[in-house]
Structure formats: C-alpha cells, structure tokens
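I opened the model today to look up a few helices, some buried side chains and the ring pairs. My notes follow in the order I took them.

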Amino acid sequence: MGNGVGAAAAMEAIYATVVALAALDAEDAALADAGSSGSAGNGVDVLRRAYEIRLERLALEKKLESQAAARKARSVVEAMDLQQAMTPPDAPLHDRTYTEISTVEEIAGILTISSGAASAFVAQSRQVCALPPVLDALSAGTLTWQQAKIFADETENLDHPSAAALVEHFLDPNAPNPARGCPAGQLVPARLRAKVRGWRERHHPDSIEKRHRKSAADRRVEYTPDRDGMAWISAYLPADTAQAIWNRTTAIARGLQGPDEHRTLPQRKADVLATQLLTHKTSTPEEDAGTETNTATAAAFTTEPGKVPTPRTEVLVTVPVFALLGLTDEPAFLDGYGPIPASMARKLLADGAESFHRVLINPRDGAPLEIGRTSYRLTKAMKKALQLRDGKCTFPGCNNNSLDNETDHLTAWQHGGTTGISNLAQLCPKHHRLKHNSSWEPTAATKDEPPGWTSPTGRHYQAEQTDREASQWPNQIGVEQRDSEGQHLEVGVWSMLPNAASSAYPAWLDTAPPHSEPPGDEPSGEYVVDSDDFAPEDPVWDAFYAKPFILPPDPQPDWELMLS
C-alpha cells in the first residue's frame, strides 16, 4: 500500500509546513505588539512586513493543502484496496460490485459530497497514486490537487509507458527532453492543461487525424436555460472554426471601444455574436416559403455537410515540414488553441493563405525555420516572429492569445530600448496597463525566449516556453538514412517531393548545420548598420519604406509544391 514518498515522509513534510506557519504567526504577533508606531524597534516597516507575512502564509497554506490532498488521495485508494482485500476471493460479482458501491457511498458521507463526486474522486486518486512522480510532487507541495488532476485526466486512456513518458517530460528535469521554461507546478491549471494536452496529442498512440474525424461527427450547438431570464448558447466545433469565430468576435468587440462606450469587453463580445447571427438574414427558409426569394434564402442557410468556409483571421499555423508535404500525419499547432490534425493545417494554408501564416519547423529539433508572409515591412515580420515566440500574453498565468494582445517594449525608448525582438513582449491590454502603473517588472527576454516577471514583493515567475522536439520522419526514409548528425537525410526527403526529378537538389540542404538558412551574400563595408540602432521615429525609416522591395531571383522557378 506504499505509494510515492510514503506516508511517513509525507507526514514529516506536513509537520515542517505547520512549523513554518507557526513561526510566521509568532512573528506576526510580535509585530502587533510593536503598537501603532508604524515601525518596530529594529526599523522594520510594520505594515509592509505584516503584508509580506500574509503572502508567505498563503504560499505555505497552499503547500499544506497540497500535502493534505496527497494524504487524502492515498487514504481513499488504500481504503478501496483494503475493502477489496476483505472480500472473499470466491465472492460472486454481484457481491463485489455492491461492496465497492457501499465503500464509495461511505467515502461520500465522510467527505460530505455526492456519490458521483466521490466516485470521480476515487478514480482520480487511483490515477494520481499510479503516477509516483505526480504523487511525490503533490506530497512535497510543488503541485496542487488541481494540477495533479490534470495529469490524471490526460493520462487516463494512455498505456503505462505513454503515461510515464508524459509525466517524466513535465516533472523530471533530467528527462531526455524535459519541458522548457516555467515548471509545471508554477503554471495555472488552464496553461498546464494546454501544455500537457499538446504533448499528449503529439505522442498519443492513435493518430490525431483518426480521433478528429470521430469527434467532428459530434459537432453541435446546444441551448441551456439559466436563471434571471438568461440562457447559454454553446457550440462544439472543429478547432480552427471555433478559434476563428472567437478571434473575429474579439476583434470586432475591441474595435467598438470608444469614449462613449460603457459596455465591458465581455458584454460587447456577446452583443457582437448575437448581432452577427441575428442580422445575417431577417427570415429563415421556412418563413420565406412561397415567396420568390425562397430559393436564394435557402441557399444562404444551406451548407454542404462538413464543408464550412475557411475562417479568415490572422493566425499562425506551426506545421512540421513533412506534415505540410503530406508525408506524415504529425499534428500541427494552431496559435491560441494547440495541436490540430495535419490535414486541417494543410487546408487552412491552402484555402486561407491570406490570413493564416505558415511557420515551418526544422525536422531535426522542432525549431522554427521561417514564417510565411506577404508583407516585407520590417514591423510586420517582427510582429509575426514575436507572436510565434510568445504565443500569448507573457504575464504569469494569463491565457490571452496572440491576436488580442499588444506589443510592449520591455525597456522604454526613452531609457535606451531598441526595436529588437529581444526588447519586445506581448501583453494583453489589462496587463499592459498594469505594467505601466505598478511595480511588476519583466525580466530579460531573448530572440527565442519570452520574458519572465518579478512581482512588487520580489517573487520571480519564470517564462512559459514552447516545447520543441524532432519531427516524425516519413516511413519512406530508411534507417540507414537517419544518421546521428542528420546529414544526408534531406536527400531522401527531396527525392519524394513532387517535381523533384526536374529540380536541382540544393547542396546547402546536405551540408548546412541545424537552424541554418540558404547561404547568401553577406554585405560588407563600414556603412553596414543594425536596424535596432534606429528609433521608430527616425527619418531613416521614411526613406527605407519609400523604396520598392525587390525580391532576389527565384533559384528554382520550375519547382512547385503540390498539396493534396
């Protein structure tokens, strides 16, 4: 019945947390005795230190809750196992079933929850206890029960090796390819679930294409009455369609903001959605029956099954090279949502090229290779690169996606900041205002990593980063072609591409190191400058943008990329 760190060690950890809380309470009592002078005898600001003690207590109380949750989960699992052990081995199935139901009902009574909630808690506790690293982290107070449940939920239908690999990736810093950036225990539940789900989708034993086809058949719209004359409308849709509807609704609602606009953003979103649906047509086909316009109206309301217009809104689609070419079914990544089937990504990029920006990734390590774009202005390219790097608002715990964020200079222009991407970050309007009106400070960013944050009390919150890993290789590439350095792999891939026989194989693909680009002529001379050295208001930019952008000649004018 021993799980994880064991009951004795878990109890010692609880004692240590209680002792730390008692010490803070004693210090707080001493501050209260200092009176209302505003400072203690040693010069400590009483009010500020009292405030800091409350925050430190919150951190310890959160840790204690996690430790107690681990102990409760272990107790529930052991109670179920002991009751099963007390049942005679030759007992009929009927008796075993009702013994288990009886035990669940007793647990429900003790915890004062419904039998359904107790049954779910038993199942979650079993899954958590079956994942020793998760139970250990919960017992140590580095994971909350909500976070532990996410691991339980996302590993529920995985086999043991797959579940163990998922947990190892997020909780073991010594794993072959550990999660990057902010640790799992410091991610809010919504962000942790998004990252865990993304990893699970990529490594699930069943193809995401197969699972998506099955789920898409269940698409629907539901209506649920609520209190106070209100109701809910919800839609279960393919991810790309739902994401585009959300982005468009948000963009329109943002555009309605003005000095005379008193509605909140959520209220404007609700009004925009209702207006878009109810003003599209004034009547349904049935209401138009018998009129001359019936045919046209019916056509407007008729959609071929499974054929929804490609959404038109600016979204980054990160897709592995081989998946874009149709050689593998490896999931792509839709900005603001997560993993999507490769076929969905190919359709978006073929039908919605004006608004969906392709991001190809290196098959060796998953690093971005380039961003497809139609504009060559510096600011447009930088915006997309920033969107790719950050993915969302960079403030801790914020889930606001890229298209609804603002670009902020980490170091202001007047303090020497530049236009370089390492001095930029995405912030939602709320956290953009907070940054400029409080003591929250971003830490340094790089070209590849977003900034972390430091709170007014000095607590540091690490940046959340994208997990990258090597792409799935097509089955057509033999093992002998996959050497440890990745050399000569591209030759085999090139031969499988459409029109490859009539196109010259680019030598740089065979010799270039990872993250490389085609060789180009490096400009020389003392007048070569860095664009980051010029402020946006510098007159040099007017002259720069006034010049026509001349593309170099296409090195392979006869080669075409054919997508199925």
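**Helix α3**

I began with the length of α3, residues 93-111, in this predicted model. At 1.5 Å a residue, its 19 residues should span 27 Å. The end C-alpha atoms are 27 Å apart, so the helix agrees with expectation.

Next I asked which residues of α3 are buried. They are Thr103, Val104, Ile107 and Ala108. Viewed down the axis of α3, the buried residues fall within an arc of 140 degrees, so they line one face of the helix. On the other side I found His94, Tyr98, Glu106, Gly109 and Ile110 exposed.

What do the buried residues of α3 pack against? I noted α2 (46-86) and α4. I then checked one C-alpha pair, Val104 and Ser119, which are 15 residues apart along the chain. Their C-alpha atoms are separated by 6.1 Å. Ser119 sits in helix α4. I put Ser119 down as partly exposed, because its relative accessibility is 40%.

**Two positive phi values**

Just after α3 I stopped at Thr112. Its phi is near 55 degrees, a positive value in a residue other than glycine. Thr112 lies in the loop between α3 and α4. Is Thr112 buried or exposed? It is exposed, with a relative accessible area of 70%.

I looked up Asp228 as well. It has a positive phi of about 60 degrees, although it is not a glycine. Asp228 belongs to the loop between β1 (220-225) and β2 (231-236). It is exposed, at a relative accessible area of 77%.

**Aromatic pairs**

How many aromatic pairs are there? I count five. Phe121 and Trp145 form one that is edge-to-face. Their rings are 5.5 Å apart centre to centre, with 65 degrees between the planes. The 65 degrees is over 60, so the edge-to-face label follows.

This pair links distant parts of the chain. Phe121 is in helix α4 (residues 115-129) and Trp145 is in helix α6 (residues 145-154), 24 residues apart. I checked burial for both. Phe121 is buried, with a relative accessible area of 10%. Trp145 is buried too, at 18%. The cut-off for buried is under 20%, so Trp145 qualifies.

I also noted a cluster. Ring pairs link Phe395, Trp440, Trp453 and Tyr461.

**Glu464**

Where does Glu464 lie? I placed it in the loop between β12 (460-461) and α17 (489-496). Glu464 is buried, with a relative accessible area of 17%. I looked for a partner of its side chain and found Arg191. The two side chains make a polar contact at 2.6 Å.

I then listed the contacts of Glu464, leaving aside neighbours within four places in sequence. They are Cys182, Leu187, Arg191, Lys195, Lys392 and Pro450. Arg191 thus appears in both entries, as a contact and as the polar partner.

**His169**

His169 is found in helix α7 (residues 160-171). I recorded it as buried, with a relative accessible area of 4%. What does His169 touch, not counting residues up to four places away in sequence? My list reads Ala175, Asn177, Pro178, Ala179, Trp199 and Asp467.

**Helix α16**

I turned to α16, residues 429-436. Its buried residues are Pro429, His431, His432 and Lys435. I asked what covers them. The cover includes helix α10 (239-255). It also includes the strands β8 (406-409), β9 (424-427), β10 (441-442) and β11 (453-454).

**Confidence**

Last, I checked the pLDDT. The protein chain averages 76, and 67% of the residues score at least 70. Over residues 282-286 the pLDDT is below 50. Beyond near neighbours in sequence, that stretch has ten contacts in the model. Residues 291-306 also have a pLDDT below 50. For this stretch I noted 17 contacts in the model, again beyond near neighbours in sequence.

Methods
Residues are numbered from 1 along each chain as its sequence is written. This is a predicted model: local features need pLDDT of at least 70, side-chain atom pairs count only at pLDDT 80 or more; totals for chains, interfaces and linings use all residues. Side-chain values use heavy atoms; hydrogens and water are left out. Buried means under 20% relative accessible area, exposed over 50%, partly exposed in between (1.4 Å probe, protein chains only). Helices (H or I, at least four residues) and strands (E, at least two) are DSSP runs, numbered from the N terminus. Contact means heavy atoms within 4.5 Å. A polar contact is a pair of N or O atoms within 3.5 Å; within protein, one must be able to donate a hydrogen and the other to accept it, and residues adjacent in sequence count only if both atoms are side-chain atoms. Rings of Phe, Tyr and Trp (its six-membered ring) pair if their centres lie within 6.5 Å; planes under 30 degrees apart count as stacked, over 60 as edge-to-face and the rest as tilted. The expected span of a helix is 1.5 Å times one less than its number of residues. The arc is that of the directions from the helix axis to the C-beta atoms. pLDDT is the predictor's confidence in each residue, from 0 to 100.
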